[in-house]
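Student: I would like to go through this model and ask, for each label, what justifies it. Could you set the values against the cut-offs for me?

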Amino acid sequence: MMFGRYRGSFRREWGDILVEAESVDGLLTYRRRCGGQTFERILVLNTGEVIINPVEPVNLPRDITDFLLMEFSPMMIEPGATQTVYLKFPVEIGVFVESAKDIEVLDVFARGSQKYTLYGSPTNGVIARWYRSAVYPEIPPVEFFCEGVMELSIHNASHEWVEVSCAVFESTDMKLYYGDFVAASAKMKILGPSLAETDFIDAPLQTGMVKSIELYTARKIPVINRGYLMEWGF
Amino acid sequence: MAFNVTEVLEIPIGVGDITVERLLYFAVILTVGVIIAKVVSTNVRRILAERLPKNERELLTKLVYYGIIVWAFVVALPQLNFDLSGLLVAGGIVGLVIGFASQSVVSNLISGLFLMFEHPIRIGDNINVADVSGSVEDIRVLSTVIKTYDGVYVRIPNEKVFTSNITNYVHNAARRFEYQIGIRYQDDANAAIRIAKEVIETHPFALKSPAPSVFVDNFGDNSVNLTAYIWAPARNWWDVRTDLLWKIKLALEENGIEMPFPQRTVWFADGLEVKERSGEKKE
């Protein structure tokens, strides 16, 4: 397990990922290697700790959006019906430095590639991180450090049958937990033929899971958890 | 001896026939004016907090604050038996002169306010306005500052910005760009299209939707010309554009598809005959 808190020197390796902090010529140096890319910083710590945990997957290769679009196999949903399904979502790993007074983002990395898309029209739409997943009735096995499991509860509150094949989330609302795998819980309420509300639920998928530190908390960006209103279909 | 308030209020203060009562009215009107000015300016500052930079915000707030105080002072002046008619005539003439002199300033100010509330441009946007291209550095009350792509500071009066055609390259979430890719006539155009699409697919910021489009556009003199339409986030499109073209070229060449040089096929009516020059030795 790579996620957790570290003080002083440490070394964690998993597949092609290496994260370590070691003393080089008397200076504590943080070093990360992942997918052929490396990152290095000298750390000056008194009582500070290094924290590694999964973070909202919208930061790589560059932070350009707050939205995550999950595309999945189309589902026809009866008016008034509710269904809970499981999806796989991409995972990015955040490294933080924390002291008693402050917390700061040190590094964000991920395995695999990223892809972005436009949700809505070029004029009024939003850029979103794109990810395609199959729909699972139960928690699927996932590749740790690459994917997490999202429990998605879809409720059709409209008076029509609807076909749902994607959900857009605002990542500032995302609450991630980790244990044997990375997990998030979300809900989607369909309000009309092309209108739906999405939001994350702040609850672990399994007992004993640890809550991740969010990037928005570490970056001290004030956000209001209000979910996201999908206005351009689903 | 009983204390009579009415009598006290009617005591002249010794300047003309101004009484204590009139002096008190004057003070009360001024005090109310100052309180209103403080409340209004505080709210103006709060409302403009996210719309204007600090220096512009403070300037407008002060203008509102002192404007209300001047208004309260003018309202209070008659309590001191001050004849405003002379002031109004003088003020009218001065106002006329100032009005003519500050015509362009007021015009820029009003345009600046419209720009701030209409939001056709924001700080950091890449725009073209009045034949100046660059990124918006600041939107001030009287002028807009643009840093051209060469790093040059350009100040444009707001009136000119407001009345010119503004092209904002990053106003929309996404924008499209295109490539022209020429391949040889003997190359497989379908394979070239497939390879180009595969390369585009690997780029994170070449958007999944709207999907990229690659197709045979026309038959050129020297090449079959493919056109690729690619959508990218408006703020990153230039990076994507500069990054992808070379990758497509390399991928095509790796698969034996080349971009031809200009060429001409020349036909000789009597065939091509190589003549031996007299000075050359025979082998």
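Student: How many helices and strands does chain A have?

Tutor: Chain A of this predicted model has 1 helix and 19 strands.

Student: What makes the radius of gyration of chain A agree with a compact globule?

Tutor: The rule is 2.2 Å times the number of residues to the power 0.38. For 234 residues that gives a value near 17 Å, and chain A has 19 Å, so the two agree. The C-alpha trace of chain A spans about 70 × 40 × 35 Å along its principal axes. In chain A, 37% of the 234 residues count as buried. Of the contacts between residues at least 6 apart in sequence in chain A, 71% join residues at least 24 apart.

Student: How do you know which strands pair with β7 (residues 67-77) of chain A, and in which sense?

Tutor: At least two bridges are needed for a pair. With β12 (residues 126-133) of chain A, β7(A) has 6 bridges in the parallel sense, and there Glu71(A) stands opposite Arg132(A). With β14 (residues 162-170) of chain A, β7(A) has 8 bridges in the antiparallel sense, and Leu69(A) stands opposite Val168(A). Both counts, 6 and 8, satisfy the cut-off.

Student: What is special about the peptide bond between Leu60(A) and Pro61(A)?

Tutor: That bond is cis, with omega about -5°. Pro61(A) sits in the loop between β6 (49-55) and β7 of chain A. Chain B has a cis bond too, joining Ser209(B) and Pro210(B) with omega about 0°; Pro210(B) belongs to the loop between α7 and β7 (213-219) of chain B.

Student: Why is Phe145(A) called buried?

Tutor: A residue is buried if 20 or more other C-beta atoms lie within 10 Å of its own. Phe145(A) has 23 such neighbours, so the label buried applies. Phe145(A) lies in the loop between β12 and β13 (147-156) of chain A, and its phi is positive, near 75°, although the residue is not a glycine.

Student: And why is Ala130(B) called partly exposed?

Tutor: Partly exposed covers the counts between the exposed limit of 12 or fewer and the buried limit of 20 or more. Ala130(B) has 15 other C-beta atoms within 10 Å, so partly exposed is the right label. Ala130(B) also has a positive phi, about 50°, without being a glycine, and is found in the loop between β1 (126-129) and β2 (132-139) of chain B.

Student: What about Leu63(B), buried or partly exposed?

Tutor: Leu63(B) has 14 other C-beta atoms within 10 Å and is therefore partly exposed. This residue lies in helix α3 (residues 54-76) of chain B. The C-alpha atom of Leu63(B) is separated by 67 Å from that of Pro262(B), 199 residues away along the chain.

Student: How does the radius of gyration of chain B compare with that of a compact globule?

Tutor: A compact globule of 283 residues would have a value near 19 Å, but chain B has 37 Å. The C-alpha trace of chain B spans about 145 × 50 × 30 Å along its principal axes. Chain B divides into domain 1 (11-101), domain 2 (117-168) and domain 3 (174-254), and the C-alpha centres of domain 1 and domain 3 of chain B lie 66 Å apart. Buried residues make up 19% of chain B.

Student: How do you know that the end-to-end distance of helix α8 (residues 237-254) of chain B agrees with its number of residues?

Tutor: At 1.5 Å a residue, 18 residues should span 26 Å, and the end C-alpha atoms of α8(B) are 26 Å apart, so the distance agrees. Trp237(B), Val240(B), Leu244(B), Ile248(B) and Leu252(B) are buried in α8(B). An α-helix has 3.6 residues a turn, so residues three or four places apart point the same way. The buried residues of α8(B) pack against β6, α7 (189-202) and β8 of chain B.

Student: What makes up the side of chain B that touches chain A?

Tutor: In chain B, 14 residues are in contact with 14 residues of chain A. On that side of chain B, β6 (174-183) and β8 (224-233) each supply at least two residues. The residues there divide into 8 nonpolar, 3 polar and 3 charged.

Key
Residues are numbered from 1 along each chain as its sequence is written. Chains are lettered from A and ligands numbered from 1 in the order in which they are written. This is a predicted model: local features need pLDDT of at least 70, side-chain atom pairs count only at pLDDT 80 or more; totals for chains, interfaces and linings use all residues. Two residues are in contact if their C-beta atoms, placed from the backbone, lie within 7 Å. Helices (H or I, at least four residues) and strands (E, at least two) are DSSP runs, numbered from the N terminus. Ala, Val, Leu, Ile, Met, Phe, Trp, Tyr, Cys and Pro count as nonpolar, Asp, Glu, Lys and Arg as charged, and the others, Gly among them, as polar. The expected span of a helix is 1.5 Å times one less than its number of residues. Domain bounds come from an automatic or database domain assignment.
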